[in-house]
Amino acid sequence: MQTHHARICGAILAAALGDAFGAPYEGGIIEQLLWRILGRRRGKRCWTDDTQMSVDVIESLLTCNKMDQDDLAQRFASSYRWSRGYGPGAAKLLRRIRKGEHWSIANQAVYVNGSLGNGGAMRAAPVGLFYGAGDDKKLVQAVRSATLVTHAHPVGLDGAVVIGLTVALVCRDYPVQEIMKRLRLHIQTMDMHNRLAIAERFFHAEHPVAPKQIAQELGNGIRAQDSCVTACYIGLALRKAPFVDMLTYTREVGGDTDTIGAMAGAIWGAACGYQYLPEELLNQLEHRRYLEKLAYRFAEAIVQRQE
Ligand code: R7I
Ligand code: MG
Ligand code: MG
């Protein structure tokens, strides 16, 4: 596998591992007990909405060869299963689309300004990979379009830009300082700018900052401003550490562990490549072979596109 190819596959599989291995630690005691029942199938670790919606994005991009919001909305709606642990607003919205409502109406029916949850950001990595580093404006536009289908709030949109752009840039070895500079150019809300400023300060520290401090200052919650820069920090600060250390660190940050794990995993995987993912974790992942084949096909399409 060529380097770029391996990094694209790495981003997709690492995100799925971050999701499946983060999910058991998400939420309170009731959610954790429920996931003990729902989260294992035939001895494998199940993924959640984060991976399901990323799969939908990849399938859509492979079929349409561009970001097509109508196609994406239909895929999201038909893949929706409550047992994958979707956000409550997202679940309602997807059921409305299933019943025939257009996404551009449904996306403001639950929250008047649209959702600011991290559900747009958790599936932004494939869009970033597909458009790739080079034309940031085009990439950001595609990420915003893909996010808008379910997350119309400016903070929800900004969160997706943080993840989509970081994944694309780290996949091409851009240094952290340059990534931060380019993120600042495309972020539109003060909430996200403030979080980025804190992360930039943390990147100047010699060692990764303690997980507790990350949770306190960058956040660990379900809202985009409380998790996207957190994941960006984790993925970048720990990209030279083994994957399992990144997972342990994410668990210690706590909160929305499946989503922070998925987003940080995508960044880690894009930096390191598929070959550095631990085999014993991949072996426990549900539908591993299906995901690997999909990631491989996606990488081939991207490499051809960018040649
Ligand atoms: O963003 P979304 O798809 O949820 C993703 C999360 C991830 O952690 C997944 O792993 C899964 O567990 O869910 O779903 P939404 O329901 O749109 O947003 C998530 C939450 O953000 C909502 O349930 C609200 O608590 C909060 N939220 C808002 N609160 C107030 N005002 C989102 N938008 C608003 C808002 O406008
Ligand atoms: Mg989830
Ligand atoms: Mg989550």
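In which sense, right-handed or left-handed, does helix 1 pass helix 15? In this predicted model, the crossing of helix 1 with helix 15 is right-handed. The contact on the side of helix 1 is formed by Arg7, Gly10, Ala11, Ala14, Ala15, Gly18, Asp19 and Gly22, and on the side of helix 15 by Thr257, Asp258, Gly261, Ala262, Gly265, Ala266, Gly269, Ala270 and Ala271. Sorted by class, the residues of this contact comprise 7 nonpolar, 7 polar and 3 charged. The two helices, which span residues 3–22 and residues 257–272, pack at an angle of about 160°, and their axes lie 6 Å apart. Because angles over 145 degrees count as roughly antiparallel, helix 1 and helix 15 are described as roughly antiparallel to each other.

Helix 15 also takes part in binding metal. The magnesium ion (ligand 2) is coordinated by Thr48 through OG1 and by Asp49, Asp50 and Asp258 through OD atoms, at 2.1 to 2.3 Å. Along the chain, the donors of this ion follow the spacing T-D-D-x207-D. Asp258 has a further role in the arrangement, since this residue bridges the magnesium ion (ligand 2) and the magnesium ion (ligand 3), which are 3.7 Å apart. Distant parts of the chain are linked in this way, with Asp49 in helix 3 (residues 49–64) and Asp258 in helix 15 separated by 209 residues. Both of these aspartates are shielded by the protein chain: Asp49 is buried, with a relative accessible area of 6%, and Asp258 is buried as well, with a value of 2%. These two assignments follow because a residue counts as buried when its relative accessible area is under 20%.

A second pair of helices is arranged in another way. Helix 4 (residues 69–79) and helix 5 (residues 88–98) have axes that come within 8 Å and cross at roughly 110°. Helix 4 is therefore roughly perpendicular to helix 5. In this contact, Ala73, Gln74, Phe76, Ala77, Ser78 and Ser79 of helix 4 meet Leu94, Ile97 and Arg98 of helix 5. By class, the residues of the contact of helix 4 with helix 5 divide into 5 nonpolar, 3 polar and 1 charged. Within helix 5, the buried residues are Gly89, Ala90, Ala91, Leu93, Leu94 and Ile97, and the elements covering them include helix 3, helix 4 and helix 6 (103–106). Leu94 and Ile97 thus appear both in the contact with helix 4 and among the buried residues of helix 5. Just after helix 5, Gly100 adopts a positive phi of about 115°.

Positive phi values also occur at residues other than glycine. Most residues other than glycine have a negative phi. Against this background, Arg42 has a phi near 45°, a positive value in a residue that is not glycine. Arg42 lies in the loop between strand 1 (40–41) and strand 2 (44–45), where Arg42 is exposed, with a relative accessible area of 80%. Asn65 likewise has a positive phi, of about 60°, although this residue is not a glycine, and Asn65 is placed in the loop between helix 3 and helix 4.

Several individual residues show how charged or polar side chains are placed in the fold. His186 belongs to helix 10 (residues 176–186) and counts as buried, at 17% relative accessibility. Leaving aside residues up to four places away in sequence, His186 touches Asp136, Lys137, Val140, Arg144, Asp158, Val161 and Leu165.

In helix 17, two residues have opposite environments. Glu292 is found in this helix and counts as buried, at 12% relative accessibility, whereas Lys293, in helix 17 (residues 288–306), is exposed, with a relative accessible area of 62%. When residues up to four places away in sequence are not counted, Glu292 touches Leu13, Tyr274 and Leu282. Lys293, for its part, is 291 residues apart from Gln2 in sequence, while the C-alpha atoms of Lys293 and Gln2 are 16 Å apart in space.

Conventions: Residues are numbered from 1 along each chain as its sequence is written. Chains are lettered from A and ligands numbered from 1 in the order in which they are written. This is a predicted model: local features need pLDDT of at least 70, side-chain atom pairs count only at pLDDT 80 or more; totals for chains, interfaces and linings use all residues. Side-chain values use heavy atoms; hydrogens and water are left out. Axes are lines fitted to C-alpha atoms, for helices over the stretch in contact, and angles run from 0 to 180 degrees between N-to-C directions. Helices (H or I, at least four residues) and strands (E, at least two) are DSSP runs, numbered from the N terminus. Angles under 35 degrees count as roughly parallel, over 145 as roughly antiparallel, 65 to 115 as roughly perpendicular and the rest as oblique. A crossing is left-handed if the near helix is turned anticlockwise from the far one by less than a right angle, and right-handed if clockwise. Contact means heavy atoms within 4.5 Å. Ala, Val, Leu, Ile, Met, Phe, Trp, Tyr, Cys and Pro count as nonpolar, Asp, Glu, Lys and Arg as charged, and the others, Gly among them, as polar. Donors are N, O and S atoms within 2.8 Å of the metal (3.2 Å for Na, K and Ca); water is not among the atoms, so sites may look incomplete. Buried means under 20% relative accessible area, exposed over 50%, partly exposed in between (1.4 Å probe, protein chains only).
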